[in-house]
Amino acid sequence: MPLPRWTAAGALAVLAALILTALPGQTDVRAGGTLAAGSAPSPALGEDIAYNVYLPARYDRDNARHPVLYLLHGRGDTMQAWTRVKTTLDDMIRTRRIPPVIAVMPDAPWSERGNWYVDSRHTGGDLPGRPVETALTRDLIAHVDATYRTAPIRQARLVGGYSMGGAGALRFALAHQDLFGAAAVLSPAVYTPLPPADSSARDHGAFGKDGARFSDEVYRELNYPALLPELDPDLPVRLFVAVGDDEYANPGPADARHDLDFESAALYNAVRRSPAISAQLRVLDGGHDWTVWSPAFEQAMAELGPGLSTTPPTGLPAPLHGTPATDWAGGVAAHADGSLTVGYAASGPVNGQPHAGRLDAVVARTGTWTRQLGTAADERLYGLAPLPDGGVLAAGYTKGDLDGRHAGNATDDAFVARLDANGEVRWLTQFGAPGAADRLYGLAAAPDGGAYVAGYTKGALDGPNAGDKDAIVARLTPGGEMAWIRQYGGPGEDKAAGIAAGATTVYLTGSATAALPGTSALGGLDGWIAAYSTDGARTWAATTGGAGDDRLNAVTVTTAGLAVATGVSAGDALTVAYTASGRRRWEHTLATPSADEGAAVTPLPGGEVAVAGYTRGRVGVQAGGADVLTLRLDARGEQRAATQLGTARDDAVDPFAEPNLYAATTASGRVAVSGLTYGAPEGGDAPGNGDVFLATVPG
């Protein structure tokens, strides 16, 4: 019998009778959880919704709130079908692969069990349509939240289903983003653009209209291609799609694309292009049965379960800084009076300042003044540093004539500017090799009010260029004159990204594609740290990482005199500490199954440091794609605290997956973090196309 007409209700009922041995409210002594039966009143249906419920072990002994799984059965099946996953849930909870969850398994008998979990418009007397979608997404959820210890937030709800239930789970997740944050879509009976002629989706009235059991118009309206353009990217949905490789093969060549393995791949390739969805696809060995659905459910829970949370994510505060066009973060400085200065590159006028063209450098003291610096070309900021008099240093690069002394410049030139406490520019120094690219990525204030800067040159600023790009470090006087500049490079591409100044030593960090003088290549991209005396003599250098790609993005000097650098090694956030003589003191790695990277580091009292970066994994409660990550490490490199915050979209990284984030310790001991975001802040709007946030977190 062809798959679209297939049902296994009888066999599943027998199996379920063996599994569902516990009476309502009793504990199954063979495992940790409890299975019970319940019913929910449904005003939409005018009758109760029957369901089975799984309660995790110790549910009756604690007061904790739990995430909820809503599990939808296939056509012709009953609520007993899903009870077989009890053992899987017990196992995964006991081994802490997922948090303790409640699982609700509703019965869906309407339209003679072919309701497809939608609100039917069919009015035929033989199979009258019922508002099944409304009943389950409104009435059942309201009952569950009122009856059990749940968290009534989308981050705490997952909907799953197989076959017709897979189609229902997909429909619920996309049409009700406010209710569900994740969906396990197993062998989904979804067809595009319309079901094949012999599909049971045409028979039961679910997609009917008036007296007709099936309407092309209704089906298209309710199917996922119509939902995708309407999705809200600020309510992200995580999808896990799985299907067997031995699905029923439609005999007609014209219907080959309606084989469910084909349709599942088409679904995956459609949803993964939506900015509101992150999706996974698995093809398992087996057909349209539990040989696929049992392992697929376990894999889905392993992927989606750890992201379930009864606590909503921590968002970014409003307001954001920027324009409706593209903007980039460029630094943050904390002042002794408690005020903050934020820097960024803006694509338009900010706070009434004139826009010179393309990207301008913007320096703004929160709540007081804004200064916009620019030419008709691009300007980017890559660091701010506070000065004792309340002023601020800013550094970056310009493609134009920013200081009025470089007419005709069309390549990247480095620049450093000093602004006073009122935002007036006291001096601006532009420098670089003629006709070559020169950029600054790091900035530190010198004790006398001058500046140390770090970056790269493709030219020759201190002797010949050793390779493609050479790292540079330079000292500027309090008046903005160049005191000295040093070029440091090997045969590859070398960049300096971070710089910090101690009492007698200046530390430089970056990346290199080949061995630098005084170091050995480790393989791939290497992270490195080098020490210089205050008069520009290099005293030692070291590489860090492994055979893969590594880099050190930032460095600071702790109150105990250690140089602490942070970056990435093999996809994990790496932080390392060195003594003034170049001996490695400690190393800390934060690793999730996804990408993590340190971008900024700032000193805290007692020799501790705060590290800021990004994670695509879960350190706290995941907000979206890349989230802001902060760590507090003690004087020995032990992790004392970690926070995760962000929006539903990418934060702290740019479109090239490189970090765009800065941090500074405030006068009160908190940590100010500023970076790029593509999302919306809590309680506010986003100007759009990439904006700059400013947040403070505990030190």
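## Salt bridges, a helix and two strand pairings

The side chains of R584 and E587 join in a salt bridge, with 2.4 Å from N to O. R584 is partly exposed, at a relative accessible area of 33%. E587 is partly exposed too, at 45% relative accessibility. All of this comes from a predicted model.

**Salt bridges**

The R584–E587 contact belongs to a wider set: the structure holds 29 salt bridges. Side chains of opposite charge can pair when their charged atoms come close. Three pairs are listed here.

| Pair | Closest N and O atoms |
|---|---|
| R584 and E587 | 2.4 Å |
| D420 and R426 | 2.7 Å |
| E217 and K209 | 3.3 Å |

D420 and R426 sit in unlike surroundings. D420 is buried, because its relative accessible area of 10% falls under the 20% limit. R426 reaches 57% relative accessibility and counts as exposed. This salt bridge therefore links a buried residue to an exposed one, with the closest N and O atoms 2.7 Å apart.

In the pair of E217 and K209, K209 counts as partly exposed at 33% relative accessibility.

Salt bridges also join into a network, which links K399, D412 and R439.

**Helix α8**

Helix α8 runs over residues 260–271 and has 12 residues. From its first C-alpha to its last, α8 reaches 16 Å, close to the 16 Å expected at 1.5 Å a residue.

Which residues of α8 are buried? They are L260, E263, S264, L267, Y268 and V271. These residues lie on the same side of α8, because they cover an arc of only 140° around the axis. The spacing rule is a general one. An α-helix has 3.6 residues a turn, so residues three or four places apart point the same way.

What covers the buried residues of α8? The cover includes two helices, α5 (164–175) and α7 (224–227). It also includes the strands β7 (182–186), β9 (237–244) and β10 (277–284).

**The four-stranded sheet**

Four strands form an open sheet in the order β23-β24-β25-β26. Their pairing is antiparallel. β23 (494–501) and β26 (538–544) stand at the edges. Each has a single partner strand, so one side of each is left without a neighbour in the sheet. Neighbouring strands are turned by 20° against each other on average, direction ignored.

One of the pairings in this sheet joins β25 (residues 526–533) to the edge strand β26, antiparallel, over six bridges. Within it, A530 has A541 of β26 as its bridge partner.

**The β1–β2 hairpin**

Strands β1 (residues 34–42) and β2 (residues 47–55) also pair in the antiparallel sense, here over nine bridges. A40 has its bridge partner in β2, at I49. The two strands form a hairpin with four residues between them. What is the phi of G46 in the turn? It is positive, at about 75°.

**The protein as a whole**

The elements described above come from a protein with nine helices and 37 strands. Its C-alpha trace spans about 90 × 50 × 45 Å along the principal axes. The protein has 699 residues, and buried residues make up 59% of them. Among contacts with a separation of 6 or more, residues 24 or more positions apart account for 59%.

Key:
Residues are numbered from 1 along each chain as its sequence is written. This is a predicted model: local features need pLDDT of at least 70, side-chain atom pairs count only at pLDDT 80 or more; totals for chains, interfaces and linings use all residues. Side-chain values use heavy atoms; hydrogens and water are left out. A salt bridge is a side-chain nitrogen of Lys or Arg within 4 Å of a carboxyl oxygen of Asp or Glu. Buried means under 20% relative accessible area, exposed over 50%, partly exposed in between (1.4 Å probe, protein chains only). The expected span of a helix is 1.5 Å times one less than its number of residues. The arc is that of the directions from the helix axis to the C-beta atoms. Contact means heavy atoms within 4.5 Å. Two strands pair if DSSP finds at least two bridges between them. Axes are lines fitted to C-alpha atoms, for helices over the stretch in contact, and angles run from 0 to 180 degrees between N-to-C directions.
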